Amino acid sequence: MVCHVKKAFCRAGVVVLAGLLMVGALCPPGSAAPSAVRASASGSTDRTTWAERAFTSYAALQRHLYLGADQHHLYLEKYPHDPADNAYSYLWPMREATAATIDLSIVPGTGSRFRSDVRDRFAGLSAYLNPDHDPPGYASYVVPPLGGGGDLFYDDNAIVGLEFVRRYLLENRLADRRRAEQIFDVLVGGWDTDTSHACPGGMFWVDATWTSIRAANVTGLTAELAAHLYELTRDKSYLDWAERLYDWNRTCLRSSEGLYQNDISLDGTVNPTLWIYNSGAMIGAGALLHRATGDPRYLAQARTDAAAALDYWTDGNRYYDQPAVFNAIFFKNLMLLDSVRHDSRYRAVVEAYAEHVWGHNRDAALGLFRFPPSGGGPYDPSYRPETLEQAAVIQTFALLAWDRGHYRFAA
């Protein structure tokens with residue numbers, strides 16, 4: 001099996017570490033980042049500048065990490081490539097590159113320029129689909145003949161399912177909705193049905209025997225996917241699942257401060273590690289459940305969770321040290337909530353982070369962003385830039401380039 005370090009978890013069959021885990025015309029190769037920063041009337045960086053930063057960063061991603069059509073539209077894990085590295089990235093970075101490309105297609109005036117790129121990203125995702133899993137799902141690494149495949153992580157499959165939903169919402173391709181429904185069929189197999197376990201229920205993190213934790217991230221993300229599918233199909237079974245998943249996370253892993261602890265073992269031992277995206281998934285699930293049902297309880301809970309997360313993660317700017325990809329997931333769900341109930345604090349937090357990353361983590365020579373091995377924190381020139389973080393930063397910049405009406409497509 002392959003070992004995928006998910007920043008705090010080693011994705012191997014045996015080892016678990018502490019914690020849970022078009023543009024060429026706009027920014028031709030070798031072009032410098034825009035030097036002028038335009039300010040809006042409020043004094044913040046305007047949407048046009050965020051769009052330019054997103055395009056410039058995407059051009060760098062494609063130049064240094066994208067392998068092109070002759071390599072199945074896949075990406076490298078890190079730049080520069082080391083001969084000891086896998087030939088291709090793991091599934092998680094591939095999904096984040098897909099999300100980033102969709103996000104760029106939503107930037108006002110650019111959608112048609114990125115349509116073929118979006119198709120290429122989904123073509124790349126297909127290289128991870130394992131037809132031998134019952135039902136077929138996405139492996140952590142490319143499957144034969146390109147690679148050896150890997151374990152099926154339910155959180156990875158949930159976020160891939162959310163991208164199929166987003167493409168369906170934007171392009172109205174029925175095949176995308178059907179694919180999201182098929183992925184959900186994979187995910188329900190990860191629900192713990194043994195009522196003898198402490199806090200019965202919850203989603204297992206991975207379809208494997210080497211760990212049996214039930215995790216906040218996958219449970220919240222699967223609740224989001226179920227809520228989307230209920231909204232799209234009005235099939236009550238999806239609503240039942242969305243509520244079951246959402247309520248389990250709130251009951252079993254929500255702390256007294258309104259944050260979400262990472263996971264719980266079968267004997268009831270709770271891992272209290274906090275990651276910002278666990279709050280993000282639950283904020284998004286609450287917003288979607290409110291949007292789909294009109295129940296004000298879900299909106300109130302989402303806003304309460306958002307307030308708790310902002311109080312904690314902005315205290316001492318803790319969120320700067322979170323992995324960039326975790327922040328991107330949190331930000332997008334925060335702005336999804338904003339599309340339901342506006343709060344000016346939400347965008348302000350996203351923008352403060354994005355300004356910091358642009359000013360402090362960007363390698364101007366490459367146009368790529370450098371973080372420590374954790375995926376978040378201060379500029380680290382010794383660590384190779386990764387597709388995962390580059391794609392996450394692009395998502396954050398693109399989010400700031402959208403009109404507010406687009407936030408309903410954020411997550």
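**Aromatic contacts and a disulfide**

Start by selecting Trp191 and Trp241: Trp191 is buried, and Trp241 is buried too. The model on screen is a predicted one.

Next, show every Phe, Tyr and Trp side chain. Over the whole structure, a search gives 27 aromatic pairs. Trp191 and Trp241 make up one of them, an edge-to-face pair with 5.7 Å centre to centre and 80° between the planes. Colour by secondary structure to see what this pair connects: Trp191 belongs to the loop between helix H6 (174–187) and strand E6 (206–207), whereas Trp241 is in helix H8 (residues 236–252). The two are 50 residues apart, and the pair links distant parts of the chain.

Keep Trp241 and add Arg244. Arg244 lies over the face of Trp241, 4.3 Å from the ring centre. A second arrangement of this kind appears on selecting Trp50 and Arg53: the charged end of Arg53 sits over the Trp50 ring, at 4.7 Å from its centre.

Stay with helix H8 and select Cys252 together with Cys199. Cys199 and Cys252 are joined by a disulfide, with S to S at 1.7 Å, and the count for the model is one disulfide. Cys199 is in the loop between H6 and E6 and Cys252 in helix H8; they are 53 residues apart, and the pair links distant parts of the chain. Which hand does the disulfide of Cys199 and Cys252 have? The torsion about its S-S bond is about -85°, so the disulfide is left-handed. Switch to a surface view to compare the two ends: Cys199 is partly exposed, at a relative accessible area of 25%, while Cys252, at 10%, is buried.

Now go to Tyr277 and Phe326. Both residues are buried. Are their planes stacked or edge-to-face? The planes of Tyr277 and Phe326 are at 5° and the ring centres 3.8 Å apart, so this pair is stacked. Tyr277 lies in helix H9 (residues 276–293) and Phe326 in helix H11 (residues 324–340), so the pair ties together parts 49 residues apart in sequence.

For the last aromatic stop, select Tyr319, Tyr320, Phe330, Phe331 and Tyr353, which form one aromatic cluster.

Finally, zoom out to the full chain. Its secondary structure consists of 13 helices and 11 strands. The chain has 411 residues, and 61% of them count as buried. With the surface switched on, the accessible area of the chain is about 14600 Å², and carbon and sulfur atoms account for 51% of that.

Methods: Residues are numbered from 1 along each chain as its sequence is written. This is a predicted model: local features need pLDDT of at least 70, side-chain atom pairs count only at pLDDT 80 or more; totals for chains, interfaces and linings use all residues. Side-chain values use heavy atoms; hydrogens and water are left out. Rings of Phe, Tyr and Trp (its six-membered ring) pair if their centres lie within 6.5 Å; planes under 30 degrees apart count as stacked, over 60 as edge-to-face and the rest as tilted. Helices (H or I, at least four residues) and strands (E, at least two) are DSSP runs, numbered from the N terminus. Buried means under 20% relative accessible area, exposed over 50%, partly exposed in between (1.4 Å probe, protein chains only). A charge sits over a ring if NZ of Lys or CZ of Arg is within 6 Å of the ring centre and within 35 degrees of the ring normal. Accessible areas come from the Shrake-Rupley method with a 1.4 Å probe; for residues, only the protein chains shown count as cover. A disulfide is a pair of cysteine sulfur atoms within 2.5 Å.
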